[in-house]
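Q: Could you take me through one small part of this model at close range, starting from a single residue and working outwards? I would like to see what surrounds it and how the neighbouring parts fit together.

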Amino acid sequence: MDSSRTRITKAVIPAAGLGTRFLPATKATPKEMLPVVDKPAIQYVVEEAVSAGLTDVLMITGRNKRPLEDHFDRNHELEEALRKKGDEARLAKVAESNDLANIHYVRQGDPRGLGHAVLCAAEHVGDQPFAVLLGDDLIDPRDPLLARMVRARADHGGSVIALMEVDPEQIHLYGCAAVETTADSDVVRVTNLVEKPATADAPSNYAVIGRYVLDPAIFDVLRTTEPGRGNEIQLTDALQRLATDEELDSPVYGVVFKGRRYDTGDRGDYLRAIVRLACEREDLGADLRAWLRKYVAEEMAD
């Protein structure tokens, strides 16, 4: 059977990072639980996986990540209190995360990089293709990137990564892909990958963003991938081997994304993501936009 036709049902969400860029907020609270308006960032990511048809979710966690499990579990006391008050609206919001997906957890233990975190999913995933979603990148549900990547995998096979064109001066912040075109206008064949290259050394301005649909062949490559940048096992390095080693017979493609992406990976972009999402909410947008106009006008007048 052509493995590219295998239905993808499993998603892996690495969530073992320490969140040091958000200290002191993340001293005792996982960064994935920081609210984006009124939902934790991790819930947006799980909802995205589910909307693409991936209902089996494995979170790779570490120490102090128990709140993740609690969030996706029932809170009987809270639900009963809201039920007694007749607060059906808030009860629905609390219960919303309980049954989103079949969620599993495994601890990474020793944080040795994204590649190592993905390798921790090998036993759960087995020999099936699977998706990896990074919590720092929130993709607007109106722009179904992951679903498009799943279709690209069905059409082309191999692994599929998400790419976005960025300002060349920013490419050193990302993994960077050398590409060649395919018959699909938004799909490219990846011919090389470099993790956070210097601007002068970057093969393109196509940046790798935090969505992957991976062939299970990635696991064998990760097992023999030596620590790279930051003395960590880099997923980019393993994908680079798949992209360039024809003997592995597991090509890498990229879907070029031009939709709405909210980067919650640093403090400034996190705040901008909250403002953008809140401005688009029916219940919050009008008042917030009016306040922002007034605030900006007053700031410019000073």
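A: **A residue and its surroundings**

Setting aside neighbours within four places in sequence, Gln108 has contacts with Ala16, Ile60, Thr61, Gly113, His116, Ala117 and Cys120. Please keep in mind that this is a predicted model, so everything here describes a computed structure. Gln108 sits in the loop between S5 and H5. Its relative accessibility is 11%, and buried means under 20%, so Gln108 counts as buried. One of its contacts, Cys120, lies 12 residues away along the chain, yet the two C-alpha atoms are separated by 6.5 Å.

Let's stay with Cys120 for a moment. Its relative accessible area is 23%, and because this is not under 20%, Cys120 is partly exposed. Cys279, by contrast, has 13% relative accessibility and therefore counts as buried. If you are thinking about cysteine chemistry, the count of disulfides in the model is zero.

Two other contacts of Gln108, Ile60 and Thr61, take us into strand S4, residues 56-61. Six of the six residues of S4 are buried, so the strand is largely enclosed by the rest of the structure. That cover extends to both faces: Asp56, Leu58 and Ile60 are buried on one side, and Val57, Met59 and Thr61 are buried on the other. The two contacts of Gln108 in this strand therefore belong to opposite faces, with Ile60 on one and Thr61 on the other.

S4 also has strand partners. It pairs with S5, residues 102-107, in the parallel sense over six bridges, and in that pairing Asp56 stands opposite Asn102. S4 pairs with S1, residues 10-14, in the parallel sense too, over five bridges. Asp56 appears again here, as the bridge partner of Lys10, while Leu58 is the bridge partner of Val12.

Following S1 brings in a further strand. S1 and S6, residues 130-133, pair in the parallel sense over two bridges, and the partner of Val12 in S6 is Val132. Val12 thus has a bridge partner in S4 and another in S6. Like S4, S1 is mostly covered, with five of its five residues buried. Lys10, Val12 and Pro14 point one way, Ala11 and Ile13 point the other way, and all of them are buried.

Now for the open spaces. The largest pocket has a volume of about 1500 Å³. Of its 46 lining residues, Arg21, Lys31, Leu134, Asp136 and Lys196 are the closest to its centre. H5, the helix that follows the loop of Gln108, is one of the elements that supply at least two residues to this lining, along with S11, H9 and S13. S11 gives the most, with four residues. The lining as a whole is mixed, with 18 nonpolar, 14 polar and 14 charged residues.

Lys31 and Asp136 turn up again in an enclosed space. The model has one cavity of 30 Å³ or more, and it holds about 70 Å³. Its walls include Lys31 and Asp136, together with Phe22, Glu32, Leu34, Val36, Ala41, Gly135, Thr264 and Tyr270. By class, this lining has five nonpolar, two polar and three charged residues.

Ala41, in the cavity wall, also leads into helix H1, where it is one of the buried residues. H1 is mostly covered, with nine of its 11 residues buried. Those buried residues include Gln43, Tyr44 and Glu47, and these three, with Lys39 and Glu96, lie nearest the centre of the second largest pocket. As a rule, an α-helix has 3.6 residues a turn, so residues three or four places apart point the same way. Just after H1, Gly53 takes a positive phi of about 90°.

That second pocket has a volume of about 840 Å³ and is lined by 34 residues. Among the elements that give it two or more residues are S3, H1, H2 and H4, and H1 gives the most, with five. Its lining has 15 nonpolar, six polar and 13 charged residues.

Note on methods:
Residues are numbered from 1 along each chain as its sequence is written. This is a predicted model: local features need pLDDT of at least 70, side-chain atom pairs count only at pLDDT 80 or more; totals for chains, interfaces and linings use all residues. Side-chain values use heavy atoms; hydrogens and water are left out. On a 1 Å grid over the protein atoms alone, a cavity is a set of points where a 1.4 Å probe fits but cannot get out, and a pocket is an open set with protein on both sides within 12 Å along at least five of seven lines; lining residues have an atom within 4 Å of a point. Grid points are joined across faces, edges and corners, and a volume is the space filled by probe spheres set on the points. Ala, Val, Leu, Ile, Met, Phe, Trp, Tyr, Cys and Pro count as nonpolar, Asp, Glu, Lys and Arg as charged, and the others, Gly among them, as polar. Buried means under 20% relative accessible area, exposed over 50%, partly exposed in between (1.4 Å probe, protein chains only). Two strands pair if DSSP finds at least two bridges between them. A disulfide is a pair of cysteine sulfur atoms within 2.5 Å. Contact means heavy atoms within 4.5 Å.
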